[in-house]
Amino acid sequence: MAKTETAAAPKTGGIHAPIQPSEDLAKIVGSDRLPRSEVISKVWEYIKKHDLQNPENKREIVADENLKKIFGKDRVTMFEMNKHLAGHMKA
C-alpha cells in the first residue's frame with residue numbers, strides 16, 4: 001500500500017506546532033522556536049539532570065529557582081506541569 005500525500009506530510013499542528021518559549025522557559029529549553037513535544041521533552045531532561053523529582057513520589061516535581069518562575073510554586077505533579085508550561089508558550 002503506497003503512502004498518501006497526507007501521510008507523508010510533515011506534522012505541523014497541535015503538539016507538533018512550533019511555539020516560542022517565554023523568557024523564563026527559554027532558560028531551560030533555549031530560545032529557539034520548538035514543537036510543544038520537544039519543549040516537554042527538554043523540560044523532563046532538565047528535571048532529571050537536576051534530580052528534581054521527589055524520590056518518595058516520582059510523580060511530584062520539586063521546583064528549583066528556574067522552575068518556580070514557571071510553576072509559580074515549590075512543587076507540582078507531572079500532571080499539573082503541562083498546564084503551567086502552556087502559559088509560557090506562544091504560537
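Which helix is Ile28 found in? Ile28 belongs to helix 2, which covers residues 23-29. The model is predicted. The protein has 91 residues, and 33% of them count as buried. Its secondary structure consists of five helices and six strands.

**Overall architecture**

- Read along the sequence, the elements of the protein follow the order α-β-α-β-α-β-β-α-β-α-β.
- Counting contacts in the protein between residues at least 6 apart in sequence, 29% join residues at least 24 apart.
- The exposed area of the protein is about 6,200 Å², and carbon and sulfur atoms supply 51% of that area.

**Helix 3 against helix 5**

- Helix 3 spans residues 36-49 and helix 5 spans residues 78-86.
- The two helices pack at an angle of about 125°, and their axes are 12 Å apart.
- Angles over 115 and up to 145 degrees fall outside the perpendicular and antiparallel classes, so helix 3 and helix 5 are oblique to each other.
- The crossing of helix 3 with helix 5 is right-handed.
- On the helix 3 side, the contact is made by Ile40, Val43, Trp44 and Ile47.
- On the helix 5 side, the residues they meet are Met78, Met81, Asn82 and Leu85.
- By class, the residues of this contact between helix 3 and helix 5 are seven nonpolar, one polar and no charged.

**Ile28 in helix 2**

- Ile28 has a relative accessibility of 13% and, because the cut-off for buried is under 20%, Ile28 counts as buried.
- Leaving out residues up to four places away in sequence, Ile28 touches Lys42, Val43, Tyr46, Asn66, Leu67 and Ile70.
- Val43, one of the residues that Ile28 touches, is also among the helix 3 residues that meet helix 5.
- Ile47, another helix 3 residue in the contact with helix 5, has its C-alpha atom 9.6 Å from that of Ile28.
- Ile28 and Ile47 are 19 residues apart in sequence.

**Asp51 in the loop after helix 3**

- Asp51 sits in the loop that runs between helix 3 and strand 3 (53-54).
- The relative accessibility of Asp51 is 62%, and because exposed means over 50%, Asp51 counts as exposed.
- Phi of Asp51 is near 50°, which is a positive value in a residue other than glycine.
- From Asp51 to Ile61, 10 residues apart along the chain, the C-alpha separation is 9.2 Å.

**Ala91 after strand 6**

- Ala91 is placed in the segment that follows strand 6 (89-90).
- With a relative accessible area of 81%, Ala91 is exposed.
- Neighbours within four places in sequence aside, Ala91 is in contact with Pro18, Ile19 and Arg33.
- Ala91 and Gln20 are 71 residues apart along the chain, and their C-alpha atoms are separated by 6.2 Å.

Methods:
Residues are numbered from 1 along each chain as its sequence is written. This is a predicted model: local features need pLDDT of at least 70, side-chain atom pairs count only at pLDDT 80 or more; totals for chains, interfaces and linings use all residues. Side-chain values use heavy atoms; hydrogens and water are left out. Helices (H or I, at least four residues) and strands (E, at least two) are DSSP runs, numbered from the N terminus. Buried means under 20% relative accessible area, exposed over 50%, partly exposed in between (1.4 Å probe, protein chains only). Contact means heavy atoms within 4.5 Å. Accessible areas come from the Shrake-Rupley method with a 1.4 Å probe; for residues, only the protein chains shown count as cover. Axes are lines fitted to C-alpha atoms, for helices over the stretch in contact, and angles run from 0 to 180 degrees between N-to-C directions. Angles under 35 degrees count as roughly parallel, over 145 as roughly antiparallel, 65 to 115 as roughly perpendicular and the rest as oblique. A crossing is left-handed if the near helix is turned anticlockwise from the far one by less than a right angle, and right-handed if clockwise. Ala, Val, Leu, Ile, Met, Phe, Trp, Tyr, Cys and Pro count as nonpolar, Asp, Glu, Lys and Arg as charged, and the others, Gly among them, as polar.
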